[in-house]
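User: I have a structure to read and a few questions about it. Can we go through them one at a time?

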Amino acid sequence: MEKSFNPKDFEEKWAKFWRENRFFEADENSNKPKFSMVIPPPNVTGVLHMGHALVFTLYDIIARWKRMQGYDTLWLPGTDHAGIATQVVVERKLKEEGKSKEELGRKEFLKRVWEWVEQSSRTINYQLEKLGCSVDWSRYKFTLSEELSKAVRHAFVELYREGLIYRDYYMVNWCPRCHTALSDLEVEYREEKGKLYYIKYPFKENPQEGIVVATTRPETMLGDTAVAVHPQDERYKEAIGKTLVLPIIGREIPVIADDAVDPEFGTGAVKVTPAHDPDDFEIGKRHRLPMVLVIDDWGKMTPQAGEGFAGLDRYEAREKVVEKLKEQGLLVKVEDYTHNVGHCYRCGTVIEPYPSWQWFVRTKPLASPAIKAVEEGKTRFVPENWTKLYFHWMHNIRDWCISRQIWWGHRIPAWHCRDCGHITVSEEEPRVCEKCGSSNIYQDEDVLDTWFSSALWPFSTLGWPEDTPDLRRYYPTDLLITGFDIIFFWVARMMMMGLHFMKDVPFHEVFINGLIRDEHGKKMSKMAGNVVDPLEMIEKYGADALRFTLAVQTVPGMDVSFSEGRLAGYKAFANKIWNASRFVVMNYQGESTEINPARLTPFDKWILHRVSQVARQTNSSLREYRFYEAAERLYHFIWHEFCDWYIEISKLQMREDKENTMAVLINALEAILRMLHPFMPFITEEIWQRLPHQGRSITLTPYPKGDEWEFPEVMEDVTLFMEVVSEIRKIRSENRINPREKIRVSVSLGNHFLSLHLKEISALVGASEVLIGSSFGKGFKGVVKGGEIFVLPGKEMDLEAERQRVEKELKKLEREIEKLAKRLSMPGFREKAPAHVVKKTEEALKEAEDKKQKLEEYYRSL
RNA sequence: GGGCGGUUAGCUCAGUGGUAGAGCACUGGCCUUACAAGCCGGGGGCCAGAGGUUCAAGUCCUCUACCGCCCA
């Protein structure tokens, strides 16, 4: 094996090997139990970021683990066409070329998007492979493919026929830049400093007097058709029913009473603009107020806004309205006002409430079964506190606006009749209007919200609406891993659609991972310039190290602070594994790998026992999605037990019984590699292939269950052995005894085990002589449980250093004794604490006092 | 306004009522034939604050402060 570890030498090789051998393809005819997951399809907007790397790493750990546990495992990959997001990206690219999508036209524009998709999905799939994701490429899906589009049309038509999809003229969130409606979820609210304008609307009868209204959007006053007050508001009792004259425009508008008015806000009187405010829209409906549209779908003022305003941008109009009001003396005052302003989640433009014809999903009937399923435990959130959020949202769900006025997406399968106005909804393109038979029909221009197709993902990808073997076998899926930010967008909607169409939940468990942050806990963002590119990290440290870093930081319910320093640390870990394996491989000369139980030393038994223990613990950590716990334990065990102790001891054992020691080394290492494989697939495969092995790939081997080796009887002896060695090393080090200088050691413990392993002790501490069960009675002294240790240096003793060391040691013991004694003397402790705790405390105190006494005697003698 | 997290070593974070942990950073000594990306040692904590429950609290309860996120 090469001395230096270089992930680049083998990562690509194994990714290719796995793929070409189709190890990760699920088998719908398998007799094994199935385990299935669908990937959260990345948007084809560009490249994968660290958040993806995290989610996909966790997926892959589970996928590989389950596969090795003997499940027919499906991890289905795919990408999402990401309607608006992708359209925005391609538009931006066109702009760089000095073109617009309108110039190109719908058909040509879509061609350009498809080209982009081609390129982007290639990049994404390349990145997945780089990361080591064990997905089933033969089942790769794209939300806008022919196949999935069919599922989307089918779902739409069914829901429409059941009355769960309807079309309505309604106030929606409108992005004037993207020129489309958005769902409530696609609006991001940001706190902004604005102004609150107080405007006086004079009475028609008595223009000297008037009602003052407060608004943050004075430009909308041009579209006002009433002023509303709360019916119980004493201040305005007299005014209700009177007529006001709308400044600037001169329109006569009534004063009306409505419960929706908050008497606490502003002056208690509000202007009503039914066409440009969702609340006013409702008030307008209740009072049959006219709608005057003064802002158009591009955010510009309409002719109805009046001369001098028509054609102006909405913000220019705001200034001009304020100016005019000032001139007319009707602007009473202006206050600073902080409020939440809605922005388009894709392009950031301020959202305009805009009434228009849109398609909606009636969500209430779909939400109830989705709530029930979680209540009944058919789907479980991990960590479970997300359940609450899910319930809260589901109980307060509003109808879902699913139409988008963009070009990139699933065209709505509805045809309008120019003759009778009827809408024909159909999976296949109709030739005539189903009502009047006219052939003068045209398809609805709108496309569906991208999340509509995402909602079908767990079953549309398996062949639905066809009754396929995949669908029968792999639905419901077992696990979904995703960020909390898309619980509403995606998880909730998959639940609704899955239960509706498949009559069963789409997944049994949902693991909600945290957000990726930078090493100081700040959210990664392009603006902050703290974005870390996973590919770059793979390039620098290897995919295994990146994966391990992400896994070890994944604590359920917590965000992940990504630190390059830590990543470097886990690359060092990979290197450690490399070199430990190198040691094994270098020493291996074709001996039998069969362990002879009769020839096992206590150290062999110890490491094998530990391998089993760690395997059991790792399985149980993974079962509960405690990735950090599994990863951390493997790290510690491999480095600080297998490498630091067992390999060192094995060097000595090999002089006595090379064959059996080699067998233990190989068996232990091989089990370690298998345990580690889900976390670090590349390096484990590379090493496994270099060890004597059976089979074609480590990925096809069984995951250690931890039932193979069981030797609890040696644990206590080996632990004492380690304690003694550590104590001697400490004495050495603190007394500045040069490592090359041989020492002589006596241990006053009549311990059979220790006396059988003098050689090991000598080697590990650098001693020329070790006495067990007797005492030199001189030299540097240390104490372990029940005994004393003397260390005689080859040269003269440096008493000053020794005094300092013992003083330090004594202080530590005193602190411990104080603590333990205090606890024992606490009233009630002896009576109420469990016996084993009392006993343990007493023993600890006795041991500490014993040690202290021995050291004190020694200190006086120095 | 409502809700959810968090506050533990210099930094990033684990911690399951019973003697406070890890990685990195710091520090002393070692190129010991797997590994200097290493080895052997060491130092470093009123567990945000205040009450309470308990024989026993970083851990459970209440309140406060600060930081962060979500919803309205």
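User: Which residue has a polar backbone atom 3.2 Å from a base nitrogen of RNA strand B?

Analyst: This is a predicted model. Asn579 puts a polar side-chain atom 2.8 Å from a sugar or linking oxygen of RNA strand B. The contact asked about goes to a base nitrogen and uses a polar backbone atom. That backbone atom belongs to Ala580.

User: Which element gives the largest share of the surface near RNA strand B?

Analyst: Elements that give two or more residues to this surface include helix 17 (564-587), helix 19 (627-676) and helix 26 (835-861). The largest share is 10 residues. It comes from helix 19.

User: How many residues of the surface near RNA strand B are charged?

Analyst: Of the RNA atoms within 4 Å of the protein, 65% belong to sugar or phosphate. One phosphate oxygen is 2.9 Å from an N or O atom in the side chain of Lys388. The surface residues divide into 20 nonpolar and eight polar, and the charged ones number 23.

User: Why is one side of strand 19 left without a neighbour in the sheet?

Analyst: Three strands form an open antiparallel sheet in the order 19-18-20. Strand 19 (423-425) stands at an edge, so one side has no neighbour in the sheet. Strand 18 (residues 414-417) pairs with strand 19 over three bridges. The reason is that strand 19 has a single partner strand.

User: How many residues of helix 16 are buried?

Analyst: Helix 16 covers residues 543-552 and is mostly covered. Among its buried residues are Asp544, Arg547 and Phe548. The count is 10 of 10.

Technical notes:
Residues are numbered from 1 along each chain as its sequence is written. Chains are lettered from A and ligands numbered from 1 in the order in which they are written. This is a predicted model: local features need pLDDT of at least 70, side-chain atom pairs count only at pLDDT 80 or more; totals for chains, interfaces and linings use all residues. Side-chain values use heavy atoms; hydrogens and water are left out. Buried means under 20% relative accessible area, exposed over 50%, partly exposed in between (1.4 Å probe, protein chains only). Helices (H or I, at least four residues) and strands (E, at least two) are DSSP runs, numbered from the N terminus. Two strands pair if DSSP finds at least two bridges between them. A residue is near a molecule or strand if one of its heavy atoms lies within 4 Å of it. A polar contact is a pair of N or O atoms within 3.5 Å; within protein, one must be able to donate a hydrogen and the other to accept it, and residues adjacent in sequence count only if both atoms are side-chain atoms. Ala, Val, Leu, Ile, Met, Phe, Trp, Tyr, Cys and Pro count as nonpolar, Asp, Glu, Lys and Arg as charged, and the others, Gly among them, as polar.
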